[in-house]
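This briefing introduces a protein chain to a first-year student. Please keep the sequence and the structure in view while reading.

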Amino acid sequence: MTDSQDQLLAELVQGVRRLLRQSVRYYDAVADQLGLTLTDLTCVDTLRERRRATASELAAELGLTTGAVTRMIDRLVQAGFVARRPDPADRRRVIVTLEPTAEASVAGLFAGQAAHLTEAGSTLTAGQLQLLRDFVRERAEATQREADRLRQQGRPHAVRRGGPPGHRS
């Protein structure tokens, strides 16, 4: 790689890290508007994408225990964001779905971001859009794998305490 490529790659890595930080900040602001926690909003947005999921599927997607997801679903049902429905193919399973009114509220809060992305993307060629789509998809999958790897080698989510490693509460 040339020095110019090295510099561009370093700037890309830094830019993606900043994008991830700002994405967390954005999700936190949306969650505040809805009266949800960041994790609850992540669950709701996952259901917007998937349309339906079991508690164990949500636990795997969100990197949480099934117990934590069950408590989260309880909160979201009580708040009117999701519903539990019996799986028509297996009555022993329960499917979690997003309530239509919640879908509209959440979609409205994400509409500004979607408009900005659509506007920015409208100036790109089909080839450029495919490149970006593939890059984002691959980075999302790699980020999920990295989060899973860190969870497996580090402290479990359920026992995490505040403060940096080695900090005593």
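On the other side of helix α4 from its buried residues, Arg71 and Gln78 are exposed; exposed means over 50% relative accessible area, buried under 20% and partly exposed in between, with a 1.4 Å probe and protein chains only. The model is predicted, so local features need pLDDT of at least 70 and side-chain atom pairs count only at pLDDT 80 or more, while totals for chains, interfaces and linings use all residues. Residues are numbered from 1 along each chain as its sequence is written, and side-chain values use heavy atoms, with hydrogens and water left out. Helices (H or I, at least four residues) and strands (E, at least two) are DSSP runs, numbered from the N terminus.

**Helix α4**

- Helix α4 has 13 residues (66–78), which should span 18 Å at 1.5 Å a residue, and its end C-alpha atoms are indeed 18 Å apart; the expected span is 1.5 Å times one less than the number of residues.
- Val69, Met72, Ile73 and Leu76 are the buried residues in α4.
- These residues lie on the same side of α4 because they cover an arc of only 105° around the axis, the arc being that of the directions from the helix axis to the C-beta atoms.
- An α-helix has 3.6 residues a turn, so residues three or four places apart point the same way.
- The buried residues of α4 pack against α2 (38–50), α3 (55–62), β2 (82–87) and β3 (90–98).
- Gly80, just after α4, takes a positive phi of about 85°.

**Met72 in α4**

- Met72 counts as buried, at 1% relative accessibility.
- Leaving out residues up to four places away in sequence, Met72 touches Thr39, Asp40, Cys43, Leu62 and Leu64; contact means heavy atoms within 4.5 Å.
- Met72 and Tyr27 are 45 residues apart along the chain, and their C-alpha atoms are separated by 17 Å.

**The nonpolar core**

- The largest nonpolar core has 24 residues, and Leu47, Leu58, Leu76, Phe81 and Val82 are those with the most contacts inside it; such a core is a set of buried Ala, Val, Leu, Ile, Met, Phe, Trp, Tyr and Cys residues joined through side-chain atoms within 4.5 Å.
- At least two residues of this core come from each of α1 (3–34), α2, α3, α4, β3 and α5 (100–121).
- Beyond its neighbours within four places in sequence, Leu58 is in contact with Cys43, Thr46, Leu47, Ala53, Val69, Ile73 and Val96.

**Thr46 in α2**

- Thr46 belongs to helix α2 and is buried, with a relative accessible area of 9%.
- Apart from residues up to four places away in sequence, Thr46 touches Leu58, Glu61 and Leu62.

**Strands and Thr97**

- Six bridges join β2 to β3, and the two strands run antiparallel; two strands pair if DSSP finds at least two bridges between them.
- β2 and β3 form a hairpin with two residues between them, and Asp87 has Asp90 in β3 as its bridge partner.
- Strand β1 (residues 52–53) is joined to β3 by two bridges, and these strands also run antiparallel; here Ala53 stands opposite Val96 in β3.
- Thr97 is located in strand β3 and is buried, with a relative accessible area of 14%.
- The side chains of Thr97 and Arg85 are joined by a polar contact of 3.3 Å; a polar contact is a pair of N or O atoms within 3.5 Å, where within protein one must be able to donate a hydrogen and the other to accept it, and residues adjacent in sequence count only if both atoms are side-chain atoms.
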